[in-house]
Amino acid sequence: MDNGDWGHRMTTPVTLNVGGHLYTTSLSTLQRYPDSMLGAMFRGDFPTARDSQGNYFIDRDGTLFRYILNFLRTSELTLPVDFTETDLLRKEADFYQIEPLIQCLNDPKPLYPPDIFEQVVELSSTRKLSKYSNPVAVIITQLTITTKVHALLEGISNNFTKWNKHMMDTRDCQVSFTFGPCDYHQEVSLRVHLMDYIMKQGFTIRNTRVHHMSERANENTVEHHWTFCRPAHKVED
């Protein structure tokens, strides 16, 4: 294999199914730490399993894998300020045998100075897809925004008045806005405008993930999630 073929292979997208969550990355990212389990797995030293769609399958915690993958991409451990699953993430890091990540988890450093904290906004898109139409048709879709930043929700409420939405309180003092149901084209337009509005408020995308589910015989559900973050100064009581 010449250098051109090798370079193409290392940058070719690879899709993993980790506990039902799909992640797409490059071979070079997965092999960033050659002595890790993933490095050995994609070097051909370990047998690999595939799901029904041909994706590499790993029977581990799919939600926590996003932090594993982000560490492989950046060599930096970045967690939300209110993250409470460090012990579980440490077990995942130990399973994947990523020694630098294990060291970071055993010797955590603050992400920000003491007077700074991180505000988080979660945006999710839920689509129900017909299994029997060709091409696949979107039956119904909705968007949900969840955050503790009430000023952001107030701004969204005032700027997106033409969309049907309802608000509800969730755990940990968070509030959710749900838009819809709406059709696919409405959802795409709304999502683009919402993401633009959120980023204009100083938030940046931290990570994305996709979750596929089968609920009924005639439809599938696909969930897309985006996490936005921005630093903010603590206000003294």
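This is a short talk on the cores, one helix, one cavity and a few single residues of a predicted model.

I'll start with the packing. In soluble globular proteins, nonpolar side chains tend to be buried together. Here the largest nonpolar core has 29 residues. Those with the most contacts inside this core are L16, L38, F42, F65, L89, Y96 and I98. Several elements give two or more residues to it: strands β1, residues 13-18, and β4, residues 56-58, and helices α2, α3, α4, α5 and α6. In numbering, α4 is 65-74, α5 is 86-96 and α6 is 99-106. Which of these gives the largest share? That is α4, with 6 residues.

Take L89 from that list. Not counting residues up to four places away in sequence, L89 touches L64, Y67, I68, L77, L79, F83 and L105. There is also a second, separate core, of 20 residues. V121, L143, L153 and F177 are among its members.

L153 takes us to helix α7, residues 150-159, where L152, L153, G155 and I156 are buried. How do those buried residues fall when seen down the axis of α7? They lie within an arc of 160°, so they line one face of the helix. On the face turned away from that buried side, α7 carries A151, E154 and N158, which are exposed.

Next, a charged residue in α5. E92 is found in that helix. Is E92 buried or exposed? Its relative accessibility is 7%, and because the cut-off for buried is under 20%, E92 counts as buried. As for partners, the side chains of E92 and R60 are joined by a polar contact of 2.9 Å. Leaving aside neighbours within four places in sequence, E92 is in contact with R60, D61, L64 and I68. Two of those names came up a moment ago: L64 and I68 are also touched by L89.

Now two residues further back in the chain, S28 and Q31. S28 sits in helix α2, residues 27-30. With 31% relative accessibility, S28 counts as partly exposed. Its side chain makes a polar contact of 3.0 Å with the side chain of S26. For a longer step along the chain, take V14: S28 and V14 are 14 residues apart, and their C-alpha atoms are separated by 9.8 Å.

Q31 is placed in the loop between α2 and α3, the latter being residues 37-41. At a relative accessible area of 15%, Q31 is buried. How far apart in space are Q31 and F42, C-alpha to C-alpha? The separation is 6.9 Å, for 11 residues in sequence. F42 was on the earlier list of residues with the most contacts inside the largest core.

Last, the empty space. How many cavities of 30 Å³ or more does the structure hold? The count is 1. The volume of the largest cavity is about 50 Å³. Its lining is made by R66, Y67, N70, T78, P80, V120, R206, N207, T227 and C229. Three elements each supply at least two residues of that lining: α4, β9, which is 204-216, and β10, which is 219-233. The most comes from α4, with 3 residues.

To close, α4 has appeared twice. It gives the largest share of the largest core, and it gives the most to the lining of the largest cavity. Y67, one of the lining residues, is also touched by L89. That is all I have.

Key:
Residues are numbered from 1 along each chain as its sequence is written. This is a predicted model: local features need pLDDT of at least 70, side-chain atom pairs count only at pLDDT 80 or more; totals for chains, interfaces and linings use all residues. Side-chain values use heavy atoms; hydrogens and water are left out. Helices (H or I, at least four residues) and strands (E, at least two) are DSSP runs, numbered from the N terminus. Buried means under 20% relative accessible area, exposed over 50%, partly exposed in between (1.4 Å probe, protein chains only). A polar contact is a pair of N or O atoms within 3.5 Å; within protein, one must be able to donate a hydrogen and the other to accept it, and residues adjacent in sequence count only if both atoms are side-chain atoms. A nonpolar core is a set of buried Ala, Val, Leu, Ile, Met, Phe, Trp, Tyr and Cys residues joined through side-chain atoms within 4.5 Å. Contact means heavy atoms within 4.5 Å. The arc is that of the directions from the helix axis to the C-beta atoms. On a 1 Å grid over the protein atoms alone, a cavity is a set of points where a 1.4 Å probe fits but cannot get out, and a pocket is an open set with protein on both sides within 12 Å along at least five of seven lines; lining residues have an atom within 4 Å of a point. Grid points are joined across faces, edges and corners, and a volume is the space filled by probe spheres set on the points.
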